[in-house]
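I am opening a notebook on a structure that I have not looked at before. My plan is to look things up one at a time and to write down what I find.

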Amino acid sequence: MDKNTTFTSGSVSKALAKFAVPVLGALVLQAAYGAVDLLVVGWFGTAASIAAVGTGSAFMQMVTFVISSLAMGSTVMIGRHIGQKDPEGAGVSVGTSVILFLAIGIVLTVVLELFAGNITGILQVPPESKEMAVEYIRICSGGILVIIAYNVISAILRGAGNASLPLLFVAVACIVNIVGDLLFVAVFKMDAAGAALATVIAQGVSVIVSLFAIGRSRLDISFSIRKLKIDRFEMGRILSVGVPIAVQETMVQISFLVINSIVNSMGLMPSAGYGVAQKIVSFIMLLPSSLMQSVSAFVAQNIGAGLKERARKGLSVAVGYGVCLGTIFFLAGFFFGGPASRLFTSDLDVIAQSALYLKGFSPECILTCILFSSIGFFNGYGLSIPVMIQGIASAFLIRIPLALIFSCLEGTSLLLIGLATPITTLAGIIFFIFCFVLYGRKRSI
């Protein structure tokens with residue numbers, strides 16, 4: 001099986017599209033985990049169940065995003081080695097990544113199991129939902145090692161230019177998750193706990209399938225068991241890229257959890273409506289996320305090959321794709337938030353709350369494609385410090401303060417809370433324009 005994309009030659013637009021489409025497909029299916037959880041719980045549970053799964057899955061999504069962001073260091077370094085035609089160096093990156101993330105997974109499992117109750121308290125989960133939310137987080141954190149394994153394997157493959165295998169893995173997991181949700185929630189009436197158990201089992205099956213598939217694929221990586229060890233120099237390079245990205249993503253996700261907490265304090269119906277809206281948002285955001293991952297891999301290989309102009313062209317093409325497609329998502333979110341919310345619940349009050357949030361959020365569909373493409377460009381260059389600065393500043397100086405201000409206004413609604421996000425993204429775009437000018441003058445990019 002040889003479906004690796006060559007980024008250093010040929011049409012830029014075709015190369016990006018060929019890579020981005022399976023990345024987007026994998027992200028769509030991965031987002032379907034939480035969406036199916038919420039959908040099944042919404043139809044066979046209560047508003048309290050929806051709030052529990054909405055908050056619990058939002059927290060676990062944060063953990064997953066941070067892991068995948070840290071793994072971006074592996075994607076970039078493997079891409080660099082392949083661009084330099086250094087399969088041995090790529091193999092050292094793979095071995096170091098496996099051991100590094102195994103250690104991280106063990107630590108995370110212990111921490112999340114011990115502090116699940118504290119986490120739900122911080123997030124101000126409604127009393128009716130707290131016990132279910134704690135159970136959801138504990139079950140998911142018990143399977144954190146398989147979640148990490150999937151994301152590390154995907155990061156390695158994307159660094160090698162292969163986005164087709166991750167799509168296969170997540171497709172298998174999605175099917176298993178749907179079957180598990182229906183079995184545990186609809187048949188066995190396990191509610192939020194059943195949704196969490198189905199997710200963990202699905203990820204485990206995905207990892208097993210991935211190990212078999214990788215053994216039969218041809219990658220430009222020279223890897224053997226003896227390379228399963230920490231190479232200090234390579235780990236330093238991986239972490240120098242991955243840590244700032246992970247810090248940035250952590251701050252962004254924490255800011256959204258703070259907003260979740262603010263919404264939870266507004267009552268059960270806004271909390272449930274926000275939970276539904278976030279599942280729809282998770283699908284909307286897949287387009288910019290796929291662009292970011294694709295641009296990162298594209299730029300990493302081209303910088304490794306010394307092709308700076310081609311790397312810059314890749315960014316321009318990605319932004320063009322994103323704005324065109326993002327406009328469609330904007331129109332869908334602004335005008336059809338209510339019908340989309342009906343997929344997850346029949347409660348009219350919850351649907352109305354969800355639609356309000358989506359209307360305020362919808363400009364983000366266009367703006368974030370520009371922002372995420374820029375983030376992918378800097379990540380691919382290994383210049384992840386500006387990404388970290390932007391993420392922290394946006395989260396704590398703009399998004400959270402705006403959400404707090406909007407939540408305190410008389411007659412406030414989720415429409416205003418949703419509007420805080422596109423305003424924050426616009427500020428991030430302005431920041432990266434400044435960075436492009438600054439690094440361009442230094443001839444660094």
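**Entry 1: V23 and S294**

I started with V23, which is found in helix 1, the helix of residues 12-44. The model I am reading is a predicted one, and I keep that in mind for every entry that follows. I looked up whether V23 is buried or exposed. V23 counts as buried, because its relative accessibility is 0% and the cut-off for buried is under 20%.

Next I asked which residues V23 touches, not counting those up to four places away in sequence. I noted R158, A163, S290, Q293 and S294. For one of these, S290, I also looked up the separation from V23: the two are 267 residues apart in sequence, while their C-alpha atoms are 5.6 Å apart in space.

I then followed S294, which lies in helix 10, residues 286-304. S294 has a relative accessible area of 1% and is therefore buried. With its neighbours within four places in sequence left aside, S294 is in contact with L16, F19, A20 and V23.

**Entry 2: the chain as a whole**

I stepped back to the whole chain and counted its elements, finding 16 helices and zero strands. I wanted to know what radius of gyration the chain has, and how this agrees with a compact globule. A compact globule of 445 residues would have a radius of gyration near 22 Å, and the chain has 21 Å, which agrees. The C-alpha trace spans about 55 × 45 × 35 Å along its principal axes.

Of the 445 residues, 57% count as buried. I also looked at the contacts with a separation of 6 or more, and 83% of them are accounted for by residues 24 or more positions apart.

**Entry 3: the nonpolar cores**

I turned to the largest nonpolar core, which has 111 residues. Those with the most contacts inside this core are F59, Y136, I221, V299, Y357, F377 and F378. The largest share of the core comes from helix 2 (residues 47-83), which gives 14 residues. Apart from this core lies another one, of nine residues, and I noted Y150, L157, L165 and V207 among them.

From the largest core I picked I221 and looked up its partners, again leaving aside neighbours within four places in sequence. I221 is in contact with I78, I82, P87, A90, G91, V94, I156 and A160.

**Entry 4: the largest pocket**

Which residues are the closest to the centre of the largest pocket? Of the 20 residues that line this pocket, they are V94, V98, I153, I156 and L211. The space in the largest pocket comes to about 610 Å³.

I then looked up where the lining comes from. Helix 3 (87-122), helix 5 (144-159) and helix 7 (191-215) each supply at least two residues, and helix 5 gives the most, with seven residues. By class, the lining has 19 nonpolar residues, one polar residue and no charged residues.

**Entry 5: two lysines in loops**

I looked at two residues, other than glycine, that have a positive phi. K85 is found in the loop between helix 2 and helix 3, and its phi is near 60°. K85 is exposed, because its relative accessible area is 73% and the cut-off for exposed is over 50%.

K189 has its place in the loop between helix 6 (164-187) and helix 7, with a phi near 55°. With a relative accessible area of 57%, K189 is exposed.

**Entry 6: V125 and S341**

V125 is found in the loop between helix 3 and helix 4 (130-142). Is V125 buried or exposed, I asked? V125 has a relative accessible area of 8%, so it is buried. With neighbours within four places in sequence left aside, V125 is in contact with T55, T120, K130, A133 and N264. I also noted that V125 and I214, 89 residues apart along the chain, have C-alpha atoms separated by 41 Å.

My last look was at S341, which is found in helix 12 (residues 337-341). S341 counts as buried, with 0% relative accessibility. Its contacts, leaving aside neighbours within four places in sequence, are V276, I280, I351, S354, A355 and L358.

Notes: Residues numbered from 1 in each chain as written. Predicted model: local features only at pLDDT ≥ 70, side-chain atom pairs only at ≥ 80, totals over all residues. Heavy atoms only, no water. Core = buried A, V, L, I, M, F, W, Y, C linked by side-chain atoms within 4.5 Å. Buried < 20%, exposed > 50% of the residue type's maximum accessible area, 1.4 Å probe, protein only. Helix = DSSP H or I, 4+ residues; strand = E, 2+ residues; numbered from the N terminus. Contact = heavy atoms within 4.5 Å. 1 Å grid on protein atoms, 1.4 Å probe; cavity = no way out; pocket = protein on both sides within 12 Å on 5 of 7 lines; lining within 4 Å. Points joined across faces, edges and corners; volume = space filled by probe spheres on them. Nonpolar A, V, L, I, M, F, W, Y, C, P; charged D, E, K, R; others polar. Rg over C-alpha atoms; globule rule 2.2 N^0.38 Å.
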